[in-house]
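Hi everyone, thanks for making the time. Let me put the sequence and the structure up, and then I'll walk you through a few places in it.

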Amino acid sequence: MKRTLAALLTLVAIVLYGWIGGEHPPPSADPAFRPAAAEYDSRLQDGRQARGSGTVVRILPDDNDGSRHQRFILELASGRTLLVAHNIDLAPRIASLRTGDTVEFYGVFETNDRGGVIHWTHHDPQGRHEGGWLLHEGRRYE
């Protein structure tokens, strides 16, 4: 319960302070599936699983309030940007992450006044939520 509340509070903080951008899930669960950027952005829906990739344009300090999150900004092929909040209490950190790197993601998109955030980029230890992931340099972080 404590962990769920901490995760919820972290999400609320991220949504309130947010960043820009977002994507929506493709119809396929195949990791090789990559829709065109314009098509992808047009299907974006708040609170739904989202999948895509982007270039790291900014690495932010970790959020250490409650559950710890590695945070960075991705620029998508469409030009939109997206805050990624990756729970490093439940999944490994991307230690070698650098500006200019490409990161693929699968997680939940939440909109905010600055565009959006992607979270749930990890497994659910209680098995009640679809697991997400990040892919960087051929390694999956979940």
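Let's start with W120, which is found in the loop between β5 and β6. When I say helix or strand, I mean a DSSP run, H or I of at least four residues for helices and E of at least two for strands, numbered from the N terminus. A word on what you're looking at: this is a predicted model, where local features need pLDDT of at least 70 and side-chain atom pairs count only at pLDDT 80 or more, while totals for chains, interfaces and linings use all residues. Residues are numbered from 1 along each chain as its sequence is written, and side-chain values use heavy atoms, with hydrogens and water left out.

Back to W120: its phi is near 60°, a positive value in a residue other than glycine. Most residues other than glycine have a negative phi. Is W120 buried or exposed? Neither, really: W120 is partly exposed, because its relative accessible area is 24%, and the cut-offs are under 20% for buried, over 50% for exposed and partly exposed in between, with a 1.4 Å probe and protein chains only.

G132 sits in that loop too, between β5 (117-119) and β6 (133-136). G132 counts as buried, because its relative accessibility is 1%. Which residues does G132 touch, leaving out those up to four places away in sequence? They are Y106, W120, T121, H122, H123 and E142, where contact means heavy atoms within 4.5 Å. From G132 to H119, the C-alpha distance is 8.2 Å, with 13 residues of sequence separation.

Now follow β6 onwards. Strand β4 (residues 102-110) pairs with β6 in the antiparallel sense over four bridges; two strands pair if DSSP finds at least two bridges between them. In that pairing, E104 stands opposite L135. β6 is also joined to β7 by three bridges, again antiparallel, and here L135 has R140 as its bridge partner. So L135 has a partner in β4, namely E104, and another in β7, namely R140.

β6 and β7 form a hairpin with two residues between them. One residue in the turn is E137, with a positive phi of about 50°. E137 counts as exposed, because its relative accessibility is 63%.

Next, the earlier strands. Strand β1 (residues 49-63) runs antiparallel to β2, with seven bridges joining them, and I59 has F72 as its bridge partner in β2. There are five residues between β1 and β2 in their hairpin, and G66 in the turn has a positive phi of about 70°.

On to β3 (residues 81-87), which pairs with β2 in the antiparallel sense over seven bridges. E75 stands opposite T81 there. This hairpin has four residues between its strands, and G79 in the turn has a positive phi of about 100°.

Why is β2 described as largely enclosed by the rest of the structure? Because seven of the eight residues in β2 (residues 69-76) are buried.

Finally, zoom out. The protein chain has two helices and seven strands, in the order α-α-β-β-β-β-β-β-β along the sequence. Of its 142 residues, 46% count as buried. Among contacts between residues at least 6 apart in sequence, 59% join residues at least 24 apart.

That's my tour, thanks for listening!
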